[in-house]
Each structure stands twice: as C-alpha cells, then as structure tokens.
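This briefing looks at how aromatic rings and nonpolar side chains are arranged in a predicted model. The sequence and the structure are shown first, and the points that follow are grouped by topic.

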Amino acid sequence: MKLSEGKLREDVLEEFSHTVVDGISNLPATLSRFLAEHTDMPGFTYEVSHDENRGCVILWREYTHLGSVRGSGRFYERPYAWIDE
C-alpha cells in the first residue's frame, strides 16, 4: 500500500485528544500520540523529570508479562529551553 507524504503528514498531525503530562504544557502531536497510544497498554510506564539544560525529559519503559524489559527510550522536550532565558 502506498501513501503520499502529504497524506501521512495529515494522519500524524491530525487533531486528537492530547495526553496531559504534568509539567509539560504543549507536547508535540507525535509525542502526545505515542504516549496516548501506549499509556493504556499493560506493562507501559513513563516518568517525567526536569533538567536545567535539557528541558523536560520523558523516560519510558515497556515490560513483558514476565517482567523483562521489551523496550525503553528517552525523549527531550524543549532541549534548548535555557536559550530562551
């Protein structure tokens, strides 16, 4: 199945209910969609920390039903926030 880049961009940026994360008022649509889709999955956890130089840091992990880590990652939101100050 082939889709145009424009159609893919529309689908990714399409309006939907944004996930609310404490301390981050304006998540990008793609990151908000990722968290919204995975938050309800069993074994998925994430935490938000604030770094003076890197802005907000979202750490996530997904565990299998046996307790081992299936996947993990880290997102930096507004990594250059300190430049604005």
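Five aromatic pairs are counted in this predicted model. Ring pairs join Phe-34, Phe-44, Tyr-46, Trp-60 and Phe-75 into a cluster.

**Aromatic pairs**

- The ring centres of Phe-34 and Phe-44 lie 6.0 Å apart with their planes at 75 degrees, so this pair is edge-to-face.
- This pair links distant parts of the chain, since Phe-34 belongs to helix α2 whereas Phe-44 belongs to strand β1, which spans residues 44-51, and the two are 10 residues apart.
- Phe-44 also forms an aromatic pair with Tyr-46, and this one is tilted, with 6.4 Å from centre to centre and 45 degrees between the planes.

**Burial of the paired rings**

- Phe-34 and Phe-44 are both buried, and for Phe-44 the relative accessibility is 8%, which falls under the 20% limit and therefore counts as buried.
- Tyr-46 has a relative accessible area of 29% and is therefore partly exposed, as this value lies between the limits of 20% and 50%.

**Nonpolar core**

- The largest nonpolar core has seven residues in all, namely Leu-27, Leu-31, Phe-34, Leu-35, Phe-44, Ile-58 and Trp-60.
- Helix α2 (29-39) and strand β2 (55-63) each supply at least two residues of this core, and the largest share, three residues, comes from α2.
- Members of this core include Phe-34, Phe-44 and Trp-60, and these residues also belong to the cluster linked by ring pairs.

Terms used:
Residues are numbered from 1 along each chain as its sequence is written. This is a predicted model: local features need pLDDT of at least 70, side-chain atom pairs count only at pLDDT 80 or more; totals for chains, interfaces and linings use all residues. Side-chain values use heavy atoms; hydrogens and water are left out. A nonpolar core is a set of buried Ala, Val, Leu, Ile, Met, Phe, Trp, Tyr and Cys residues joined through side-chain atoms within 4.5 Å. Buried means under 20% relative accessible area, exposed over 50%, partly exposed in between (1.4 Å probe, protein chains only). Helices (H or I, at least four residues) and strands (E, at least two) are DSSP runs, numbered from the N terminus. Rings of Phe, Tyr and Trp (its six-membered ring) pair if their centres lie within 6.5 Å; planes under 30 degrees apart count as stacked, over 60 as edge-to-face and the rest as tilted.
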